[in-house]
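Here is a relaxed walk through a protein model for someone meeting it for the first time. Take a look at the structure, then read on.

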Amino acid sequence: MQWINLFRANLRKEYLELKRYLPNTIALVLTFYFIFLGLFGVIHFFGDPSTQDANIQFVIVNYIFWFLALSVIQMFGFEIVNEAIRGTLEQLSMSPMGIWRILSTRLIATTIIYGIIIFALLVITMLTAGQWLNIDVLSIFPVFVLTVFGMYGVGLMVGGLAIVYKQIQAFLQILQFLLAGLTFIPLAASPFMYFLPFVIGVDLVRDIMIDGQTLMDIGWLPLVLLLINASVYFIVGLLFFKYCERIAMKKGLLGQY
């Protein structure tokens with residue numbers, strides 16, 4: 001029951017913030033839409049006409065997941081920095097639920113809200129490009145959940161750094177380009193890609209949305225690899241966050257900025 005109440009409170013908080021600061025929310029969506037227009041323009045005017053459709057579909061899926069990865073992974077860092085600036089970070093640590101539980105439910109709430117925004121962006125970009133992808137919800141949903149689960153783990157690592165060092169905005173800016181690489185580079189580029197976070201999930205979603213595959217076509221092995229990958233990153237991320245939290249509490253960093 002505590003988890004449900006915590007989730008409802010955070011869902012309401014995230015919704016009210018997006019609504020209250022509506023110009024900023026609109027600017028965020030428009031920014032990513034204009035980025036897509038830039039990529040679409042390059043492919044449309046300078047790309048090979050014989051592979052143009054496939055390249056545009058590839059870009060649509062990748063840039064949507066880039067937006068998702070930025071929203072999910074950077075959220076932990078930004079939230080901790082904002083709470084520290086407001087002077088409420090120590091209050092979160094004093095809650096019976098603890099910082100990571102509060103931020104985790106906040107992240108789930110954010111994912112749901114941004115999931116709606118991302119779906120709207122997906123429809124708009126497909127309309128703009130004139131390319132309609134295969135939206136097989138039954139096949140995409142389990143892959144999507146496991147992929148986001150792995151992103152949560154990376155987000156916890158970022159949150160751990162933020163709780164100790166506070167000022168990590170420059171690192172988050174660099175992280176944007178690293179996440180772009182993880183979403184745009186295909187899994188077949190190197191066997192090493194299997195060990196990186198959420199790359200397997202993005203590749204499977206591309207197979208479903210671009211090539212029209214189903215879970216039956218994909219088989220159980222890629223899904224098991226995705227589950228292992230996501231679980232490892234989440235567990236490592238949670239342990240790292242708890243370790244950083246102990247350091248911050250030991251050094252008295254929670255009440256400072």
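A salt bridge here is a side-chain nitrogen of Lys or Arg within 4 Å of a carboxyl oxygen of Asp or Glu. This is a predicted model, in which local features need pLDDT of at least 70 and side-chain atom pairs count only at pLDDT 80 or more, while totals for chains, interfaces and linings use all residues. Residues are numbered from 1 along each chain as its sequence is written, and side-chain values use heavy atoms, leaving out hydrogens and water.

**Charged pairs**

How many salt bridges does the rule give? The count comes to 5. Side chains of opposite charge can pair when their charged atoms come close. Three of the pairs are set out below.

| Pair | N to O distance | Helix |
|---|---|---|
| Lys13 and Glu17 | 3.1 Å | α1 (residues 2–20) |
| Asp203 and Arg206 | 2.9 Å | α8 (residues 199–209) |
| Lys242 and Glu245 | 3.5 Å | α10 (residues 220–250) |

Helices, by the way, are DSSP runs (H or I, at least four residues), numbered from the N terminus. Lysine 13 and glutamate 17 sit 4 residues apart in α1, so about one helical turn separates them. Aspartate 203 and arginine 206 are 3 residues apart, again about one turn of their helix. An α-helix has 3.6 residues a turn, so residues three or four places apart point the same way.

How covered are these partners? Buried means under 20% relative accessible area, exposed means over 50%, and partly exposed is in between (1.4 Å probe, protein chains only). Lysine 13 is partly exposed at 22%, and glutamate 17 is partly exposed at 26%. In α8, aspartate 203 counts as buried at 15%, and arginine 206 is buried at 5%. The α10 pair is mixed: glutamate 245 is buried at 7%, whereas lysine 242 is partly exposed at 29%. Back in α1, Lys13 and Glu17 also join Glu14 in a network of salt bridges.

Glu14 has another neighbour to meet, threonine 110, which touches Glu14, Met75 and Gly115, leaving aside residues up to four places away in sequence (contact means heavy atoms within 4.5 Å). Threonine 110 lies in helix α5 (residues 99–129). Is threonine 110 buried or exposed? Its relative accessible area is 5%, so it is buried.

**The nonpolar side**

A nonpolar core is a set of buried Ala, Val, Leu, Ile, Met, Phe, Trp, Tyr and Cys residues joined through side-chain atoms within 4.5 Å. The largest one has 80 residues, and Ile73, Met151, Leu179 and Phe198 are among those with the most contacts inside it. Its largest share, 19 residues, comes from α3. Isoleucine 73 touches several residues further off in sequence, including Met151, Leu179 and Phe198.

Phenylalanine 58 is found in helix α3 (residues 52–86). With a relative accessible area of 26%, phenylalanine 58 is partly exposed. Not counting residues up to four places away in sequence, phenylalanine 58 touches Phe184, Pro186, Arg206 and Ile210, and that Arg206 is the salt-bridge partner of aspartate 203.

**One more helix**

Helix α6 (residues 137–165) has 29 residues and reaches 40 Å from its first C-alpha to its last, close to the 42 Å expected (1.5 Å times one less than its number of residues). Just after α6, lysine 166 takes a positive phi of about 60 degrees.

Methods. Helices (H or I, at least four residues) and strands (E, at least two) are DSSP runs, numbered from the N terminus.
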